[in-house]
Amino acid sequence: MSPYRIALLFNANKVYDRQVITGIGQHLTFTRVKWDLFMEEDFRSRTAGIHLWRGDGIIADFDDPIVAEAVSALPLPVVAVGGSYANESHYPTNIPYVATDNQKLVRIAYDHLIEHGLQRFAFFGKPPEPGNRWAYERESWFRKMTDDDGLDGIIYHGSPTNAGGWGRAQEDVAEWVRSLPKPIGIIAATDARARQLLQACIVADVPVPDQVAIVGIDNDPIVQMLSCIRLTSVIQGAEEMGRTAAQLLHQMLHGGDCSTTRILVPPAGINVQASSQHQCIVSPYVMRARHYIRQYACMGIKTEQVADYVGISRTPLEEHFKRELKKSVHQVILEHKLETARHMLADPSMSLSDVAVRSGFTSLQYMYAVFRREFDCTPKQYLEKLRV
């Protein structure tokens, strides 16, 4: 039998779409189903000519209203993938739908911030446009959660991101951050939005997470690489969504009626990093110092440079650290370098010498010595433990 010809209408420049596609691929691998897959060569989703598609089925991202409109009336099996909605009218009719659970995505982020002792909350969303309906849904759940708790949930949409307006948009976000009551926890609609927020906090000289704790949604590794402060992010169950969508389409190709099927896929968890690990710090000097350390520890900074940034001499800064954290400034710098090295060790593409340099150690030998002293093992042995 010839393989079924299936079109995947996703924009693979987004991590969420890439993970859904990965899940589809996993289904094909595990079941040994043979599909002839069509995607644009640049992995973009274009609907021009889709009405002429002579294939057997489509799996499409229905968060894109243009895609949803173009394929909804096609006379062949279609499985929709997208966000969940409280309003039933936002779902397509007579098309199976696999949804990420927007309520639970926001709930995990919100509960995480509460667990870190925060009592003020904000949401950094996206401008109200037809293609951002899923972001508005997350915003609505955030508003409901804060309302239920009797809290004043602050909403900020910001501007669309483009090269021409980026400078003005960043200045606006920085000004918004300065105006917020603090300390505060902020949930961003996506990791991309969270990265913009992290950059704005640095521009505004607002310590993260001591005054602003940030949680994104997507767990995008590219955002982690581009952020000088590692981002806490909720992990969508996007791969499970892809596997589920492929399974539904397989059933439809073999005569199954899945037209009324709607499946809600919960988040896969949360990746906790530095951006949300708020501690109740009294000293503004410690706040500013830790903010500086998170940005520059891996560039070989010394205690004197931290003190210069904070604006006091080394001795009183050390006293503030001992009182607040029971640690020296040097110890906090070293802890950050070790944390960075541990994350890098998990990347099989990086050599140990690269890990040493990029995490701020003067040599591979020095990193070995520190690992032996702190963890009673070498970096290589630590890496082997990670893989067990």
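## Close-up views of a predicted model

**Figure 1. An open sheet of six strands runs in the order β2-β1-β3-β4-β5-β11, and its pairing is parallel.** Let us start here, keeping in mind that this is a predicted model. At the edges of the sheet sit β2 (35-38) and β11 (262-265), each of which pairs on one side only. On average, and with direction ignored, neighbouring strands of this sheet are turned by 20 degrees against each other. Strands of a sheet pair through backbone hydrogen bonds, either parallel or antiparallel. The next two views stay with this sheet and look at β4 and its partners.

**Figure 2. Strand β4, residues 78-83, is mostly covered.** Six of the six residues in β4 are buried. On one side, β4 pairs with strand β3 (residues 57-61) in the parallel sense, over four bridges. To find your place in this pairing, look for Ala 60, which stands opposite Ala 80 in β4. Between β3 and β4 the chain passes through helix α2, residues 65-72, and this β-α-β crossover is right-handed. Strand β5 (residues 97-100) is also a parallel partner of β4, again with four bridges. Here Val 81 is a good landmark: its bridge partner in β5 is Val 98. As you follow the side chains, it helps to recall that in a regular strand they alternate between the two faces of the sheet.

**Figure 3. Asn 94 has a positive phi although it is not a glycine.** The phi angle of Asn 94 is about 60 degrees. You will find Asn 94 in the loop between β4 and β5, the two strands that pair in the parallel sense. Is Asn 94 buried or exposed? Its relative accessible area is 61%, so Asn 94 counts as exposed, the cut-off being over 50%.

**Figure 4. A second open sheet has six strands in the order β7-β6-β8-β9-β10-β12, with mixed pairing.** The edge strands are β7 (154-156) and β12 (269-271), and each pairs on one side only. Neighbouring strands of this sheet are turned by 25 degrees against each other on average, with direction ignored. Within the sheet, strand β8 (residues 184-188) pairs with strand β9 (residues 212-217) in the parallel sense, and four bridges join them. A handy pair to look for is Ile 187 and Val 215, since Ile 187 stands opposite Val 215 in β9.

**Figure 5. A cis peptide bond joins Lys 182 and Pro 183.** The omega angle of this bond is about 0 degrees. Pro 183 belongs to the loop between α5 (166-179) and β8. Following the chain onward takes you into β8, which covers residues 184-188.

**Figure 6. The loop between α6 (191-203) and β9 holds Pro 209 and Asp 205.** Which residue is joined to Pro 209 by a cis peptide bond? The residue is Val 208, and omega for this bond is about 5 degrees. Asp 205 adds another backbone detail, as its phi is positive, at about 60 degrees, although Asp 205 is not a glycine. With a relative accessibility of 31%, Asp 205 counts as partly exposed.

**Figure 7. Ile 222, Met 225 and Leu 226 form a nonpolar patch on the surface.** Together these residues have about 340 Å² of accessible area. Leu 226 lies in helix α7, which covers residues 221-226. How does Leu 226 earn its description as exposed, and what is its relative accessible area? The value is 55%, and exposed means over 50%, so Leu 226 passes the cut-off.

**Figure 8. The protein chain as a whole comes to 15 helices and 12 strands.** Having seen the details, you may like to step back and place them in the full model. The C-alpha atoms of the chain fill a box of roughly 75 × 50 × 40 Å, taken along the principal axes. Of its 388 residues, 50% count as buried. The residues of β4 shown above are buried, whereas Leu 226 in the surface patch is exposed.

Terms used
Residues numbered from 1 in each chain as written. Predicted model: local features only at pLDDT ≥ 70, side-chain atom pairs only at ≥ 80, totals over all residues. Heavy atoms only, no water. Buried < 20%, exposed > 50% of the residue type's maximum accessible area, 1.4 Å probe, protein only. Pairing = 2+ DSSP bridges. Right-handed = clockwise from strand over helix to strand, strands pointing away. Patch = residues over 30% accessible without salt bridge, like charges linked within 9 Å, V, L, I, M, F, W, Y side chains within 5 Å. Areas by Shrake-Rupley, 256 points an atom, 1.4 Å probe, with all protein chains shown as cover. Salt bridge = Lys/Arg side-chain N within 4 Å of Asp/Glu carboxyl O. Axes fitted to C-alpha atoms, helices over the stretch in contact; angles between N-to-C directions.
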